[in-house]
Amino acid sequence: MAKARVERELDLRKPVTVWRSQDLLDGRPAESLTMILRTVGCRWNRCTMCGFAGEGAPAGAEDLIAQFENALERSSPEVTVVKIYTSGSFLDPAEMPVSARDEILKRLAALGIKKLVIETRPEYVTPETIEICLTHLPTEFAIGLETASDLIRENVIRKGFLFQDFASATEVVHRQGGRVKTYLLLKPPLLSEGLAMRDAIDSARRARGFADVLSLNLCNVQRNTVVERMWKRGEFRPPWLWSALEVLKSVPGPIVCDPVGAGTRRGPHNCGQCDDAVAEAIRTHALSQDVEPFHSLDCECRSTWRDLIELEEDAFGAAFI
Ligand code: SF4
Ligand SMILES: [Zn+2]
């Protein structure tokens with residue numbers, strides 16, 4: 001009954017969303033088109049912060065090609081970077097049927113797109129899946145490592161793979177000449193603000209050698225997730241934007257960050273007064289990679305943030321809370 005209602009309400013031939021923005025291409029800002037395609041959803045579907053489960057729908061190969069074509073209508077000749085997200089893994093044939101994948105790759109190559117970015121879990125990275133993408137166009141494979149700590153990834157995020165699985169997948173990509181983007185998560189649940197910050201910095205340093213670019217994701221409270229249940233009970237606060245600045249300042253680039261939902265209760269936030277300015281600085285940094293402007297940002301809430309970190313450490317030590 002519920003499924004039938006979902007199928008009636010969703011237009012499987014339209015993408016979830018599509019937008020234009022700027023991205024880095026060979027170290028310079030370039031016009032990009034980002035589309036989120038509606039697939040059956042992530043096969044793993046267990047991560048504690050991920051609300052993509054609600055976005056799945058029974059989209060077949062033809063639907064996905066139609067969604068892609070629909071999204072392309074927002075493109076223009078200036079677009080050189082295309083990012084295709086599926087709220088799961090582009091390389092999982094159960095999500096993105098091989099016929100749709102190949103058709104999409106062929107179309108992008110014909111359009112002369114200079115860089116494609118797709119997301120995938122490491123288990124779908126094989127010499128064959130990587131080769132098929134790279135024979136069509138330069139591709140960046142984004143993998144959600146989240147943290148370099150197996151303990152946190154396994155028990156707190158429930159990601160279901162080890163650092164070694166990630167490392168092996170990146171080797172397959174690099175051996176064939178592809179690029180790797182690695183997502184790191186700032187502030188998984190159960191970590192104090194200070195520990196989350198240190199974990200992200202440590203993770204960035206350890207993942208650095210395996211990734212061409214790092215992407216810092218600031219934990220949002222998404223619907224129907226473990227994180228949302230904890231947040232509603234007052235057991236989770238999204239990261240402070242000050243913490244994000246600290247991470248971006250502390251690790252060698254390239255590292256990008258899009259502070260999605262910044263300044264909202266469910267998104268990363270400071271005091272409400274300085275959120276816009278800090279979020280804007282983070283967005284600018286993603287293109288410039290210059291940390292200098294960060295040093296001139298300040299607000300009264302910065303000392304509150306520092307005190308909170310100290311208080312948490314005094315109360316709980318550097319461990320989980
Ligand atoms: S975070 Fe990624 S791997 Fe985890 S459930 Fe969501 S889409 Fe799947
Ligand atoms: Zn403030």
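**View 1. Ser-87 is a buried loop residue with positive phi.** With a relative accessibility of 8%, Ser-87 counts as buried; buried means under 20% relative accessible area, exposed over 50%, and partly exposed in between, using a 1.4 Å probe and protein chains only. Ser-87 sits in the loop between strand 3 and helix 3. Helices (H or I, at least four residues) and strands (E, at least two) are DSSP runs, numbered from the N terminus. Phi of Ser-87 is near 60°, a positive value in a residue other than glycine. The model is predicted: local features need pLDDT of at least 70, side-chain atom pairs count only at pLDDT 80 or more, and totals for chains, interfaces and linings use all residues. Residues are numbered from 1 along each chain as its sequence is written, chains are lettered from A and ligands numbered from 1 in the order in which they are written, and side-chain values use heavy atoms, with hydrogens and water left out.

**View 2. Ser-87 is also one of the residues around ligand 1.** The others in this shell are Cys-42, Asn-45, Arg-46, Cys-47, Cys-50, Phe-52, Arg-121 and Lys-159. A residue is near a molecule if one of its heavy atoms lies within 4 Å of it. By class, the shell has 4 nonpolar, 2 polar and 3 charged residues. Ala, Val, Leu, Ile, Met, Phe, Trp, Tyr, Cys and Pro count as nonpolar, Asp, Glu, Lys and Arg as charged, and the others, Gly among them, as polar.

**View 3. Four cysteines hold the zinc ion (ligand 2).** The protein donors are the SG atoms of Cys-271, Cys-274, Cys-299 and Cys-301, lying 2.2 to 2.4 Å from the ion. Donors are N, O and S atoms within 2.8 Å of the metal (3.2 Å for Na, K and Ca); water is not among the atoms, so sites may look incomplete. Why is the arrangement tetrahedral? The 4 donor atoms subtend angles of 102 to 114°, and four donors count as tetrahedral if all angles lie between 85 and 135 degrees. The donor residues follow the spacing C-x2-C-x24-C-x1-C in sequence. Cys-271, in the loop between strand 8 (255–257) and helix 10 (275–288), and Cys-301, in helix 11 (residues 301–316), are 30 residues apart and link distant parts of the chain. Cys-271 is partly exposed at 36% relative accessibility. Cys-301 is buried at 6%.

**View 4. Helix 2 spans residues 61–72.** Its 12 residues reach 17 Å from first C-alpha to last, close to the 16 Å expected at 1.5 Å a residue; the expected span is 1.5 Å times one less than the number of residues. Buried positions in helix 2 include Asp-63, Leu-64, Phe-68 and Leu-72. Their cover includes strand 1 (17–25), strand 2 (28–36), strand 3 (81–85) and helix 3 (98–110). Glu-62 lies in helix 2 and is exposed, with a relative accessible area of 62%.

**View 5. Thr-120 is a buried loop residue.** It lies between strand 4 (115–119) and helix 4 (127–136). Its relative accessibility is 4%. Leaving aside neighbours within four places in sequence, Thr-120 is in contact with Ser-89, Leu-91, Val-125, Ala-142 and Ile-143. Contact means heavy atoms within 4.5 Å.

**View 6. Two further loops have backbone features to inspect.** The peptide bond from Gly-253 to Pro-254 is cis, with omega near 0°. Pro-254 lies in the loop between helix 9 (241–250) and strand 8. Asp-26, in the loop between strand 1 and strand 2, has a positive phi of about 50° although it is not a glycine. Asp-26 is exposed, with a relative accessible area of 73%.

Terms used. Tetrahedral: all angles 85-135°; square planar, octahedral: opposite > 155°, others 65-115°.
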